[in-house]
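Got your viewer open? Let's take a walk through this model, one selection at a time.

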Amino acid sequence: MILTDTHTHLYYETDPVRQGELVKRCLDNGVSRLFLPNVNVASIPLVMDLTSRFPQNCFPMLGLHPCDVKAYPEEGVKYYKDELGIIKDAIPGHRIYAIGEIGIDLYWDKTTLAIQQEAFQIQIRWAKELGLPIVIHSRESFDEVYEILLQEKDDRLRGIFHCFTGSADQARKIADLGFYLGIGGVITYKNSGLDKTVAELSPDHIVLETDSPYLTPVPYRGKPNESSYLLYVAQKVADVFQMPLAKVADITTKNSQQVFGI
């Protein structure tokens, strides 16, 4: 059984011993494919160091997270156009598998919407030029993200809606665009309702993720998440679809191979 975590920030753990232990626990649970989304310039070396340590299991992406799209420099943070320039210049030097995570976040800061939209659109165009998928962060911003995707829609536009927690109608719109829905630990939460939404979908439209160290699934909710816990997400999805765990692993891993090309 091969499980694929399509979205993990495992590189936030920088101690090599603890990092190795995290990867070992993944492999012990059948989670042998880990896709690492970049968030800003500072995280590029962290992502690349981890992928160089575990090249058979870890696969990098590069992008500017919407929460790092800053209208002016702050301590330790660059102006968003400078960040975009550095990230774009880094892409040719690395084998990456997506542009991400990118998108729009209106939970933390609505005042930067205009520049978030611009940064998102710029990075979508990078992906299309490079023949890569995009991995989308869309917290409290589905309509804004969807509007841009409709503007950019063509046969090169593809990717994943990371951490999908929306409605069945939103899920259908995403699937109609040819995107996959990233399903994570929220599906295990008793009152989330995500299990009911997923039950209305085809498993052919979903991939699995943890977003570790965030959004820890039951039974470890309240503790830091890790990619080995993807097993619990996969089991909940198997319960929802009333199919064997191994079949969910097979379908969702094939879906990840379709989108990432590996």
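First, the sheet. Keep in mind that you are looking at a predicted model. Show the strands and you will find an open sheet of 3 strands, in the order 1-2-3, with parallel pairing. Pick out strand 1 (3-5) and strand 3 (58-60): these are the edge strands, and each of them pairs on one side only. Now look along the sheet, and you can follow a twist that averages 20 degrees from one strand to the next. What holds strands together in general? Strands of a sheet pair through backbone hydrogen bonds, either parallel or antiparallel.

Next, select residues 31-36, which make up strand 2. Strand 2 pairs with strand 1 in the parallel sense, over 3 bridges. To see one pairing up close, click on Asp5 and then on Leu34, its bridge partner in strand 2. Is strand 2 mostly covered or mostly uncovered? It is mostly covered, with 5 of its 6 residues buried.

From strand 2, move along the chain into the loop that leads to helix 2 (44-53), and stop at Val41. Is Val41 buried or exposed? Val41 has a relative accessibility of 15%, so it counts as buried, the cut-off for buried being under 20%. Turn on the side chains around it: leaving aside residues up to four places away in sequence, Val41 touches Glu83, Ile86 and Ile87. For a longer jump, draw a line from the C-alpha of Val41 to that of Glu140: these two are 99 residues apart in sequence and 25 Å apart in space.

Time for the helices. Two packed helices are described by the angle between their axes and the distance between the axes. Select helix 1 (residues 16-28) together with helix 2: they pack at an angle of about 60 degrees, and their axes are 12 Å apart. That angle makes helix 1 oblique to helix 2. The crossing here is right-handed. Which residues of the two helices meet? On the helix 1 side they are Pro16, Gln19 and Gly20, and on the helix 2 side Asp49, Leu50 and Arg53.

Now hide those and select helix 3 (residues 80-90) and helix 4 (residues 113-130). Their axes come within 11 Å and cross at roughly 15 degrees, so helix 3 is roughly parallel to helix 4. This crossing is right-handed too. Show the side chains between them: helix 3 brings Tyr80, Lys81, Leu84, Ile87 and Lys88, which meet Ile115, Glu118, Ala119, Ile122, Gln123 and Trp126 of helix 4. You have already come across Ile87, as one of the residues that Val41 touches.

Last stop: the cysteines. A disulfide is a covalent bond between the sulfur atoms of two cysteines. How many disulfides does the structure hold? The count is 0. To see why, select Cys67 and find the cysteine sulfur closest to its own: that one is in Cys163, 12 Å away, which is too far for a bond. Start from Cys163 instead and the closest cysteine sulfur is the one in Cys67. Switch on the surface before you leave: Cys67 is partly exposed, with a relative accessible area of 26%, and Cys163 counts as partly exposed at 25%.

Key
Residues numbered from 1 in each chain as written. Predicted model: local features only at pLDDT ≥ 70, side-chain atom pairs only at ≥ 80, totals over all residues. Heavy atoms only, no water. Pairing = 2+ DSSP bridges. Helix = DSSP H or I, 4+ residues; strand = E, 2+ residues; numbered from the N terminus. Axes fitted to C-alpha atoms, helices over the stretch in contact; angles between N-to-C directions. Disulfide = S-S within 2.5 Å. Buried < 20%, exposed > 50% of the residue type's maximum accessible area, 1.4 Å probe, protein only. Contact = heavy atoms within 4.5 Å. Parallel < 35°, antiparallel > 145°, perpendicular 65-115°, else oblique. Left-handed = near helix turned anticlockwise from the far one by under 90°.
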